[in-house]
Each structure stands twice: as structure tokens, then as C-alpha cells.
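The points below are notes for a colleague who wishes to read this model alongside its coordinates. They start from a single residue and move on to helix packing, aromatic pairs and backbone angles.

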Amino acid sequence: TNIYYSDTDYLPAYHYILYLYGHSRESIERIYADINYFKLVVFLFHLGSSYIMLLFIRLLDTKEKLPQGIFYLLNIAVLYNTLVWGQVDEIMTFFVALSLYLLTRDQPRWTMISYLLAINLKLQSIVFLPLILLIVFFIYLGKNIKTFLLDLFILVSLQYLIFLPFILTDNLHMVWNTLFRLVDSQPLISANAYNLWFAIIGIDARGPHDTETFIVFTYKQWGLFLFFLMSFFALLPLFIQVMKRWLINSSQELFAPITVLTFGMVPLLFFFFCTQMHERYSHPAIFFLVLYSILSRKWYIGLLGSLAYLLNIDGVLRSLKFQYYGVIF
């Protein structure tokens with residue numbers, strides 16, 4: 001309950017994970033000494049994401065289910081981020097992937113519960129909100145109002161339980177302060193993300209603030225405009241599909257390549273056009289790009305997406321020890 005008196009910028013759900021891990025060690029010294037074991041905690045979520053991948057693949061009429069699923073389990077870009085760098089993006093990815101699986105099984109209650117946990121882990125999962133709400137909205141239209149109100153009550157109650165320790169100690173305002181501090185916490189044009197701005201400005205994109213003017217508007221305003229514009233076109237095919245399913249009362253499953261591709265495109269557009277992006281913000285897109293590659297048999301999409309992500313994160317950490325980083329990037 002006192003964690004927000006530190007300089008942490010993590011949201012509450014992640015602190016619960018840290019709390020449990022910390023109490024599994026006998027002392028602060030053991031926490032420091034065994035810190036690499038925490039990577040195994042994140043790796044468990046990677047195993048969970050890989051299992052969800054297999055659940056999706058099981059829906060396909062193919063005899064190659066296991067080899068295809070291993071494509072994500074052994075994905076070097078995901079493993080690099082999780083086990084070499086020790087980052088925790090895979091935890092959020094697990095809950096977003098689980099949300100999609102539950103969504104395609106017409107289980108909006110559990111979809112929203114899983115997604116709520118993702119939001120309480122990492123704020124950038126909010127880019128999936130329009131996607132999930134789009135489908136959930138039309139699912140609820142086919143249900144009675146009591147079901148919707150019950151599910152809404154469950155969601156509010158779960159969020160209340162997550163906040164409860166901070167409410168009881170009158171520290172909830174510190175959670176909100178942290179949440180709002182995350183926005184513009186590093187107002188750079190690019191925080192090590194090899195995206196549109198890095199391509200235009202080059203390595204200097206890591207220096208200037210995104211509040212500087214670029215052709216009438218600021219870099220931040222341009223980034224948000226491009227993100228929302230491109231997201232509209234990315235969401236449009238899925239919106240049309242969901243509308244058709246609702247209007248003609250079709251029994252067509254929501255699990256389709258276009259759904260998966262849209263889930264992969266939105267975080268990529270967020271990463272590519274917005275300012276203040278870190279190198280790891282495209283991490284959740286890899287799951288959906290790999291899954292789309294399996295569905296469409298277009299393997300180059302998953303391979304190129306994974307390679308681009310790997311080169312970006314290694315361009316920062318440089319564990320692969322390339323000889324000419326300055327030339328390659």
C-alpha cells in the first residue's frame with residue numbers, strides 16, 4: 001500500500017505480482033540475488049500465450065497444429081524480450097490474447113475481465129479498447145439487459161478490489177497521479193522506437209520534445225492524427241464484418257483472419273505513428289501477426305514482424321553484439 005511513495009510508474013495489477021514474488025524470497029538481499037528468477041514468472045505467461053495460440057490453431061482443419069504453435073513458443077524476438085532483457089510485456093500480451101480467444105467464443109463477461117486485468121498491468125493495452133468494445137457491444141445486443149448489468153457490476157467490483165488496498169489507506173489518489181503521470185512522462189519524439197519519426201528525423205528523434213512544431217502542428221498532434229486516421233481504416237473491415245454478422249443474425253464465428261490481423265495492426269499503428277514510443281510497445285502485435293501468418297499461410301508476415309521487433313529491441317540492449325550497430329540502424 002506504500003508502493004506509490006516510491007518513484008514507481010507501474011499500475012496496481014503488476015505490483016500484486018511483484019508483491020507475491022517479493023514474499024517468496026526470505027529477505028531483500030534474496031530478492032536482489034534471485035532477481036533473474038523473476039524472468040521465469042514472465043516466462044510462465046509466455047507459456048500461457050503459446051497455449052492460447054494452440055487453442056486458436058486447434059480450430060483449424062490441419063494436421064500441423066503442434067509445429068505451427070511452436071512458431072510462437074520459440075519466437076526469438078519474444079524470448080529475447082522476456083528472458084534476455086527481462087521485460088514483462090508478455091504478461092499484458094497474455095491477457096489481451098486471452099481476451100480475443102474468449103471474445104471469439106462469445107464470452108463477453110470473461111473477455112472484459114481478462115482485458116481489465118491487462119489494463120491494470122500496462123496502460124498501452126488501451127489501444128485494444130475500441131476493438132474489444134466494438135465486438136462486445138454487438139454481442140450484448142443479442143442478450144438481455146440483466147446480463148449486461150450483471151457483467152458491468154462484476155467488472156466494477158473487480159476494479160474496486162484491485163484498488164481496495166489503496167482505498168483503505170487513502171492512497172488511491174497516488175494511483176491516479178501515477179496513471180496520469182504515465183502520459184507525457186517522456187515527451188520525446190521517439191523513445192528508442194524505430195518508427196515513422198525515427199525514419200524521418202533519424203537518431204535525433206530521441207532528443208527533441210514532441211511539443212515542438214512540425215509544419216503547423218506539433219509532432220505529438222501529427223502522431224495522434226495519423227494513428228487515429230490509420231486505425232479507422234484498419235478497423236473498418238472488422239466493423240463491416242461484425243455489422244453483417246449482427247444485421248443478418250449470422251452464426252458466423254468471430255474467429256477469422258481479419259479479426260486477428262486487426263488486433264495485430266492496431267498496436268503496430270500505435271507504435272509506428274505516435275510519439276513517445278518505446279522500442280517494446282509493438283510487443284503484443286507479434287502474437288497476432290504470428291497467428292495471422294498461421295491462418296493465412298503467409299509466413300513472411302510473422303517472420304518479418306518478429307525480425308523487425310528483434311532488431312529494434314536489440315538496437316537498444318545490444319546483447320547480440322553486432323559489429324556495426326550504427327550502420328545497420
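1. Leaving aside its neighbours within four places in sequence, Asn-312 is in contact with Asn-192, Ala-193, Tyr-194, Phe-271 and Glu-279. The model is a predicted one, and in it Asn-312 is found in helix α15. With a relative accessibility of 3%, Asn-312 counts as buried, because the cut-off for that class is under 20%.

2. Helix α15, which spans residues 299–317, also packs against helix α5 (residues 76–84), and their axes are 8 Å apart at an angle of about 30°. The two helices, α5 and α15, are therefore roughly parallel to each other, since angles under 35 degrees fall in that class. On the α5 side the contact is made by Ile-76, Ala-77, Tyr-80, Asn-81 and Val-84, and these meet Ser-306, Tyr-309, Leu-310, Ile-313, Asp-314 and Leu-317 in α15. Sorted by class, the residues of this contact between α5 and α15 comprise 8 nonpolar, 2 polar and 1 charged.

3. A second helix pair invites a comparable reading: at what angle do the axes of helix α9 and helix α10 cross? They cross at roughly 120° and come within 7 Å, with α9 covering residues 145–168 and α10 covering residues 172–182. That angle makes α9 oblique to α10. The residues that meet are Phe-163, Phe-166 and Ile-167 from α9 and Leu-172, Val-175 and Trp-176 from α10. By class, the contact of α9 with α10 consists of 6 nonpolar residues, with no polar and no charged ones.

4. The loop between α9 and α10 contains Asp-170, a residue that has a positive phi of about 60° although it is not a glycine. Most residues other than glycine have a negative phi. Is Asp-170 buried or exposed? The relative accessible area of Asp-170 is 61%, and Asp-170 is therefore exposed, the cut-off for that class being over 50%.

5. Gln-276 likewise deserves an entry under backbone angles, as its phi is near 65°, a positive value in a residue other than glycine. Gln-276 is found in the loop between α13 and α14, the latter helix being 283–296. Unlike the exposed Asp-170, Gln-276 is buried, with a relative accessible area of 13%.

6. Turning to the aromatic rings, the count comes to 28 aromatic pairs. In one of them, Tyr-140 and Phe-148 have ring centres 5.4 Å apart and planes at 80°, so the pair is edge-to-face. Tyr-140 is buried at a relative accessible area of 12%, whereas Phe-148 counts as partly exposed at 34% relative accessibility. The rings of Phe-227 and Phe-270 are also edge-to-face, because their planes stand at 65°, with the centres 5.6 Å apart. Phe-227 lies in helix α12 (residues 219–247) and Phe-270 in helix α13 (residues 257–273), so this pair ties together parts that are 43 residues apart in sequence. Phe-227 and Phe-270 are both buried.

7. Beyond these pairs, one aromatic cluster is formed by Tyr-72, Phe-128, Phe-263, Phe-287 and Phe-288. A charged residue also lies over a ring: Arg-280 is placed over the face of Trp-85, at 5.7 Å from the ring centre.

8. Tyr-72 of that cluster appears again among the contacts of His-46, which, leaving aside neighbours within four places in sequence, are Tyr-72, Leu-73, Val-78, Leu-79 and Glu-90. His-46 is found in helix α3 (residues 38–58) and is buried, with a relative accessible area of 0%. Along the chain His-46 and Leu-73 are 27 residues apart, while their C-alpha atoms are separated by 7.3 Å.

9. What, finally, is Leu-117 in contact with, leaving aside its neighbours within four places in sequence? The contacts are Ala-13, Phe-95 and Ile-162. Leu-117 is found in helix α7 (residues 108–121), and its relative accessible area of 25% makes it partly exposed. Between Leu-117 and Pro-12 the C-alpha to C-alpha distance is 9.7 Å, and the two residues are 105 residues apart in sequence.

Technical notes:
Residues are numbered from 1 along each chain as its sequence is written. This is a predicted model: local features need pLDDT of at least 70, side-chain atom pairs count only at pLDDT 80 or more; totals for chains, interfaces and linings use all residues. Side-chain values use heavy atoms; hydrogens and water are left out. Rings of Phe, Tyr and Trp (its six-membered ring) pair if their centres lie within 6.5 Å; planes under 30 degrees apart count as stacked, over 60 as edge-to-face and the rest as tilted. Buried means under 20% relative accessible area, exposed over 50%, partly exposed in between (1.4 Å probe, protein chains only). Helices (H or I, at least four residues) and strands (E, at least two) are DSSP runs, numbered from the N terminus. A charge sits over a ring if NZ of Lys or CZ of Arg is within 6 Å of the ring centre and within 35 degrees of the ring normal. Axes are lines fitted to C-alpha atoms, for helices over the stretch in contact, and angles run from 0 to 180 degrees between N-to-C directions. Angles under 35 degrees count as roughly parallel, over 145 as roughly antiparallel, 65 to 115 as roughly perpendicular and the rest as oblique. Contact means heavy atoms within 4.5 Å. Ala, Val, Leu, Ile, Met, Phe, Trp, Tyr, Cys and Pro count as nonpolar, Asp, Glu, Lys and Arg as charged, and the others, Gly among them, as polar.
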